[in-house]
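Visitor: I would like a close look at one part of this structure, taken slowly and with its surroundings explained. Could you guide me through it once the structure is in view?

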Amino acid sequence: MASRLTEKRYKHSLSVAKLCEEFALNNGYDMHIAYYIGLFHDIAKYMPKDEMVKWMNSICPENMEYPVAVWHGFVGAAVTKDIFLIDDPIVYNAIYHHVLGTSQDPYAMMVFCADKLDPLRGYDSSKLIEICNKDIKKGFDLVVQQNREYLKRG
C-alpha cells in the first residue's frame, strides 16, 4: 500500500482506517471490515489518468462524466477487489461511494465520515466524530450537509 501512496496519503489512510474502526466499534459493526475499508479507500488516488481511464471504461463508463478527482473511489473499489483480492461487496460498495457519499450502507457512511473528519486534516472535527460514534447515520447526515456547504463556498 505505502508504495502506491505518498507518505502523507498513507498516514491519512491509516488514520481513516483507525477512525472507521472506532465508528464500527461504537455503532455495533465489524471493526475489521471497517478498518480495511478505511485503509484502502484512497488506494487509486495517485493512479495515472490514462490508467484510470482504462479502469473506468471497464467498471463504470457511465461515471466518466464525473471529475477525474472523483474517479479514485470507483477505481479504488475495483483495485481493492482485483489486485488486493479483497472480494467483499461491503468493502467494494463503501470504497466505491466514499468520495460522493452516495450510499446509505453503514460502512459507506463510516468511511465517508472518517475521510472528511480525519484529525490529520488539521481542523477540529471532534464534535462530529463524537456524533458519528454515537449514531453513524446522524453523523453522516451532518457531515454530508457540512460538505455541501463547504463545496458551495469553495
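Leaving aside its neighbours within four places in sequence, which residues is isoleucine 95 in contact with?

Guide: Please keep in mind throughout that this is a predicted model. Once the neighbours within four places in sequence are set aside, isoleucine 95 is in contact with Ile37, Phe40, His41, Gly73, Gly76, Ala77 and Thr80. Isoleucine 95 itself belongs to helix H5, and because its relative accessible area is 0%, under the 20% cut-off, it counts as buried. A further point of reference is isoleucine 43, which lies 52 residues away along the chain, while its C-alpha atom is separated from that of isoleucine 95 by 9.5 Å.

Two of those contacts, Ile37 and Phe40, lead directly to the packing of two helices, since both appear again where H2 meets H5. Helix H2, residues 31-40, and helix H5, residues 89-97, have axes that come within 10 Å and cross at roughly 40°; that angle makes H2 oblique to H5. The crossing of this pair is right-handed. On the H2 side the residues involved are Ile33, Ile37 and Phe40, and on the H5 side they are Ile90, Val91, Ala94 and Ile95. Sorted by class, this contact holds seven nonpolar residues, with no polar and no charged ones.

Tyrosine 107, in helix H6 (residues 106-117), touches several of the residues just named. Apart from its neighbours within four places in sequence, tyrosine 107 is in contact with Tyr29, Asp30, Ile33, Ala34, Ile37, Ile90 and Ala94, and Ile33 and Ile37 from H2, together with Ile90 and Ala94 from H5, are also part of the contact between those two helices. Tyrosine 107 is classed as buried because its relative accessible area is 9%. Its C-alpha atom is separated by 12 Å from that of leucine 19, although the two residues are 88 positions apart along the chain.

The other contacts of isoleucine 95 include Gly73, Gly76, Ala77 and Thr80, and those numbers fall in helix H4, residues 68-82, which packs against helix H3, residues 49-59, at an angle of about 70° with the axes 9 Å apart. That angle makes H3 roughly perpendicular to H4, and the crossing is left-handed. In H3 the residues that take part are Lys49, Met52, Val53, Trp55, Met56 and Ile59, and they meet Val68, Trp71, His72, Phe74, Val75, Ala78, Val79 and Asp82 in H4. By class, this contact has 11 nonpolar, one polar and two charged residues.

For a bench reader, the cysteines may also deserve a word. The count of disulfides comes to zero, and cysteine 20 takes part in none, the nearest cysteine sulfur being that of cysteine 113, 9.0 Å away. Cysteine 20 counts as buried because its relative accessible area is 1%, and cysteine 60, at 0% relative accessibility, is likewise placed in the buried class.

Lastly, asparagine 147 gives a view of another helix, H8, which covers residues 136-153. Not counting residues up to four places away in sequence, asparagine 147 touches Phe112 and Lys116. With a relative accessible area of 18%, asparagine 147 is still counted as buried, because the cut-off is under 20%.

Methods. Residues numbered from 1 in each chain as written. Predicted model: local features only at pLDDT ≥ 70, side-chain atom pairs only at ≥ 80, totals over all residues. Heavy atoms only, no water. Axes fitted to C-alpha atoms, helices over the stretch in contact; angles between N-to-C directions. Helix = DSSP H or I, 4+ residues; strand = E, 2+ residues; numbered from the N terminus. Parallel < 35°, antiparallel > 145°, perpendicular 65-115°, else oblique. Left-handed = near helix turned anticlockwise from the far one by under 90°. Contact = heavy atoms within 4.5 Å. Nonpolar A, V, L, I, M, F, W, Y, C, P; charged D, E, K, R; others polar. Disulfide = S-S within 2.5 Å. Buried < 20%, exposed > 50% of the residue type's maximum accessible area, 1.4 Å probe, protein only.
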